[in-house]
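Please look over the structure below. This report takes it part by part, beginning with a pocket.

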Amino acid sequence: MARVLVGVKRVIDYAVKIRVKPDKSGVVTEGVKHSMNPFDEIAVEEAVRMKEKKLAAEIIAVSCGPAQSQETLRTALAMGVDKAIHVEVTGKDLETLQPIHISKILAKLAQDEKADLVIVGKQAIDDDCNQTAQMTAALLDWPQGTFASKIEQSDGSLTIVREIDGGLETVKVKTPAVISADLRLNEPRYATLPNIMKAKKKPLKKVTPKDLGVEIKSHYDVVSVEDPPVRQAGSVLPDVDSLVAKLKEGGFV
């Protein structure tokens, strides 16, 4: 049976209104509610379902970030993950942390933990990068199944239905492999109170990027972070002729 490594990221909660810092260097994170990235919740759920079907022997969750990332890992443990690894990143390194660093960390841990499968969310809702799964697969030289909306396992291979712009694409990959979870892969369970209590006793190991031989250095600079432009109010027009005239006035026709 497979050993599954799942990446989970601590992000600003999806229900929180994002505020840009006055100096436009990023968004305000202090005093703001955080939670597990929703796509990573789907990745965790898929790994847990694999274990319930006796397709996976052990699930290991990994999160990179400050001490509060352990709360995210405890959520994963309460959902059914067996053990967790917190890669502690703080201060300037946390500001510099980019998908390439996460990919190097996941690739190293996949080798150290002898994982057969790496599952991550297709993207994080804070930076929307959608890069980690692809780069992790490249670093490991493993096949990848990204934007997965359905996964079936048989005879050491995975059949993955991918969501693409033109519809659905079905691919078959041999394990070990890297998968990124799309929105329709599953609906994550809620952690029950007994499982939340059990999660406190499950093993959680702390390491640093340096322990894994990963150097955190910037590969690009964020020039400016800005709010999207305010949407202009609409108007109700009395008839089609008025609509056509308005469109011509705006240069649309």
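## The second largest pocket

This is a predicted model. Its second largest pocket holds about 550 Å³ of space. Three elements give two or more residues each to the lining of this pocket: strand 3 (34-36), helix 1 (38-52) and helix 2 (69-79). Helix 1 provides the largest share, four residues.

In total, 17 residues line the second largest pocket. Nearest its centre lie Tyr14, Glu41, Pro188, Arg189 and Tyr190. Sorted by class, the lining has eleven nonpolar, four charged and two polar residues.

## The sheet

Strands of a sheet pair through backbone hydrogen bonds, and they can do so in a parallel or an antiparallel way. Here, nine strands form an open sheet with mixed pairing. Read across the sheet, the strand order is 9-8-7-10-6-1-4-5-11. At the edges are strand 9 (167-174) and strand 11 (204-207), and each of them pairs on one side only. From one strand to the next, the twist averages 30°.

Now take one pair from this sheet. Strand 1 (residues 2-7) and strand 4 (residues 56-65) are paired in the parallel sense, over six bridges. Arg3 has Glu58 of strand 4 as its bridge partner.

## Helices on the sheet

Helix 1 packs on the sheet. It touches strand 1, strand 4, strand 6 (117-121), strand 7 (144-154) and strand 10 (177-181). The direction of helix 1 makes about 145° with that of strand 6. Helix 1 also belongs to the pocket story, with four residues in the lining of the second largest pocket.

Helix 4 (residues 99-112) lies across strand 1, strand 4, strand 5 (83-88) and strand 6. Helix 4 runs at about 150° to strand 4.

## A close look at His34

Which strand holds His34? His34 lies in strand 3, one of the elements that help line the second largest pocket. A polar atom of the His34 side chain lies 2.8 Å from the backbone oxygen of Val32.

Leaving aside residues up to four places away in sequence, His34 touches Arg10, Val11, Ile12, Asp13 and Thr29.

## The two ends of helix 7

Which residue caps the N-terminal end of helix 7 (residues 240-249)? The cap is Asp239. A side-chain oxygen of Asp239 lies 3.3 Å from the backbone nitrogen of Asp241.

Gly251 follows helix 7. The phi of Gly251 is positive, near 80°.

Key
Residues are numbered from 1 along each chain as its sequence is written. This is a predicted model: local features need pLDDT of at least 70, side-chain atom pairs count only at pLDDT 80 or more; totals for chains, interfaces and linings use all residues. Side-chain values use heavy atoms; hydrogens and water are left out. On a 1 Å grid over the protein atoms alone, a cavity is a set of points where a 1.4 Å probe fits but cannot get out, and a pocket is an open set with protein on both sides within 12 Å along at least five of seven lines; lining residues have an atom within 4 Å of a point. Grid points are joined across faces, edges and corners, and a volume is the space filled by probe spheres set on the points. Ala, Val, Leu, Ile, Met, Phe, Trp, Tyr, Cys and Pro count as nonpolar, Asp, Glu, Lys and Arg as charged, and the others, Gly among them, as polar. Two strands pair if DSSP finds at least two bridges between them. Axes are lines fitted to C-alpha atoms, for helices over the stretch in contact, and angles run from 0 to 180 degrees between N-to-C directions. Contact means heavy atoms within 4.5 Å. A polar contact is a pair of N or O atoms within 3.5 Å; within protein, one must be able to donate a hydrogen and the other to accept it, and residues adjacent in sequence count only if both atoms are side-chain atoms.
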